[in-house]
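Here is a short set of exercises to work through with the structure open beside you. Try each task on your own, then compare your path with the worked solution.

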Amino acid sequence: MIEFSSEILDILDEAKFVKTYTVKKPDNFNFKAGQHCLIATDATSFRPITISSSDNDNKIDFTIKKNGNTTSSIFELNKGHPIKIRGPMGRAINPESKQVIFISGGTGITPFISYFRSKDKVLDLSKLEFKLITSYQNKNDYLYKTELKELTSQINLKIINFLSKEELDGFEFGRINMDKLKNNLTKSEINSGEFYICGPPAMVKDIKNNLLELGVNEDTIKGY
Ligand SMILES: Cc1cc2nc3c(=O)[nH]c(=O)nc-3n(C[C@H](O)[C@H](O)[C@H](O)COP(=O)(O)OP(=O)(O)OC[C@H]3O[C@@H](n4cnc5c(N)ncnc54)[C@H](O)[C@@H]3O)c2cc1C
């Protein structure tokens, strides 16, 4: 882990309260998809944010939802502004099973998009079967829509999207729960898949418990 002062190179609006900040990457900074950093606008208020860009890029992206004090102060910054970063830290995504199931809540999709962006579609991903189960409150919160759609034509990826506050065609309605997991997972995925869950801590805990009740082996569940 290193601590450094970086500079915002670009800012992209992703959704109403979500922006991607591209920052300069120092030469001695190396990470693996799935890892996060601590970022701050001052010397004290460091907050964990996952890197959403590829681990091969020469810059770093953070996709940030405006939440409380620190993330709100990041939203006030413009291009060229300095930002403090510590990292990388946390678990890298490194599937060992053929069937890989990613389950995300809101910006919890960031480690998974970083993983897809980091890997060679043919060399690294062609032998794996992916299922991505996302959940958002509303359709307008949905992140990386075009990129994910394109991925479904490049690799073996099935995407199931949940909206908890809006009933719309093409989306499952409500929160992800035990019944919904049961309906959307195959027996083979339950028995031999590898699960990664990222989202609000309560969601990660509930979904992990649901998976355990469905018979998933605890060793194959990785929570963030
Ligand atoms: C490993 C990890 C990776 C993460 N990756 C990402 C990511 O890629 N993108 C992302 O957007 N987020 C990510 N998060 C979440 C992110 O870290 C939080 O949103 C962030 O820490 C919030 O900091 P803040 O200073 O903006 O909010 P805080 O000021 O800390 O507030 C957080 C929430 O608590 C409420 N709150 C604060 N103080 C009180 C109080 N006294 N009483 C009641 N409620 C209060 C606020 O209203 C707000 O809703 C990640 C978290 C972890 C643990």
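**Exercise 1. Place Phe162 in the fold.**

Task: Find which strand holds Phe162, and decide whether Phe162 is buried or exposed.

Solution. Please keep in mind that this is a predicted model.
- Step 1: Phe162 is found in strand S9.
- Step 2: Count the neighbours. A residue is buried if 20 or more other C-beta atoms lie within 10 Å of its own. Phe162 has 21 C-beta neighbours inside 10 Å, so Phe162 counts as buried.
- Step 3: List the contacts. Leaving out residues up to four places away in sequence, Phe162 touches Thr134, Ser135, Phe171, Glu172, Gly174 and Ile176.
- Step 4: Look for the bridge partner. Phe162 is paired with Glu172 in S10.
- Step 5: Check a distant position. Val23 is 139 residues away along the chain, and 31 Å lie between the C-alpha atoms of Phe162 and Val23.

**Exercise 2. Build the sheet around S9.**

Task: Work out which strands pair with S9, and then give the strand order of the open sheet of six strands.

Solution.
- Step 1: Start with S8 (residues 129-136), which pairs with S9 (residues 157-163) in the parallel sense over seven bridges. Within this pairing, Leu132 stands opposite Ile159, and Tyr136 stands opposite Leu163.
- Step 2: Follow the connection. From S8 the chain passes through helix H3 (residues 145-154) to reach S9, a β-α-β crossover that is right-handed.
- Step 3: Turn to S10 (residues 172-173), which is joined to S9 by two bridges, again in the parallel sense.
- Step 4: Write out the order. The open sheet runs S10-S9-S8-S7-S11-S12, with parallel pairing.
- Step 5: Inspect the edges. S10 and S12 (221-223) each have a single partner strand, so one side of each is left without a neighbour in the sheet.

**Exercise 3. Look into the covered elements.**

Task: Establish how many residues of helix H2 are buried, and what the buried ones pack against.

Solution.
- Step 1: H2 spans residues 110-118, and eight of its nine residues are buried.
- Step 2: Name them: Thr110, Pro111, Phe112, Ile113, Ser114, Tyr115, Phe116 and Ser118.
- Step 3: Trace the packing. These buried residues lie against S4, S5, S7 (99-105), S8, H3 and S11 (194-198).
- Step 4: Take S5 from that list. Five of its seven residues are buried, so S5 is largely enclosed by the rest of the structure.
- Step 5: Add the strand partner of S5. Strand S2 (residues 18-24) pairs with S5 in the antiparallel sense over seven bridges, and Val23 has Ile60 as its bridge partner there.

**Exercise 4. Describe the ligand shell and the domain contact.**

Task: Say which residues come nearest to the ligand, then describe how domain 1 meets domain 2.

Solution.
- Step 1: There are 18 residues around the ligand, and Arg47, Thr50, Gly68, Thr70 and Thr71 come nearest.
- Step 2: Ask where the shell comes from. Strand S4 (47-50), strand S5 (59-65) and helix H1 (69-75) each supply at least two of its residues.
- Step 3: Sort the shell by class: four nonpolar, 12 polar and two charged residues.
- Step 4: Move to the domains. Domain 1 covers 3-89 and domain 2 covers 99-223, with 24 Å between their centres, taken over C-alpha atoms.
- Step 5: Describe the contact, which takes 15 residues from domain 1 and 12 residues from domain 2. On the domain 1 side, strand S1 (2-15) and S5 each supply at least two residues. By class, that side has four nonpolar, seven polar and four charged residues.

**Exercise 5. Spot the unusual backbone.**

Task: Find where a cis peptide bond occurs, and which residue has a positive phi although it is not a glycine.

Solution.
- Step 1: Recall the background. Most residues other than glycine have a negative phi, and most peptide bonds are trans.
- Step 2: The cis bond joins Gly87 and Pro88, with omega about -5 degrees. Pro88 sits in strand S6 (residues 82-89).
- Step 3: The positive phi belongs to Tyr144, at about 60 degrees. Tyr144 lies in the loop between S8 and H3.
- Step 4: Check the surroundings of Tyr144. With 20 other C-beta atoms within 10 Å, Tyr144 is buried.

Conventions. Residues are numbered from 1 along each chain as its sequence is written. This is a predicted model: local features need pLDDT of at least 70, side-chain atom pairs count only at pLDDT 80 or more; totals for chains, interfaces and linings use all residues. Two strands pair if DSSP finds at least two bridges between them. Helices (H or I, at least four residues) and strands (E, at least two) are DSSP runs, numbered from the N terminus. A crossover is right-handed if, with the strands pointing away from the viewer, the path from the first strand over the helix to the second runs clockwise. A residue is near a molecule or strand if its C-beta atom, placed from the backbone, lies within 6 Å of it. Ala, Val, Leu, Ile, Met, Phe, Trp, Tyr, Cys and Pro count as nonpolar, Asp, Glu, Lys and Arg as charged, and the others, Gly among them, as polar. Domain bounds come from an automatic or database domain assignment. Two residues are in contact if their C-beta atoms, placed from the backbone, lie within 7 Å. A residue is buried if 20 or more other C-beta atoms lie within 10 Å of its own, exposed if 12 or fewer, and partly exposed in between; C-beta atoms are placed from the backbone.
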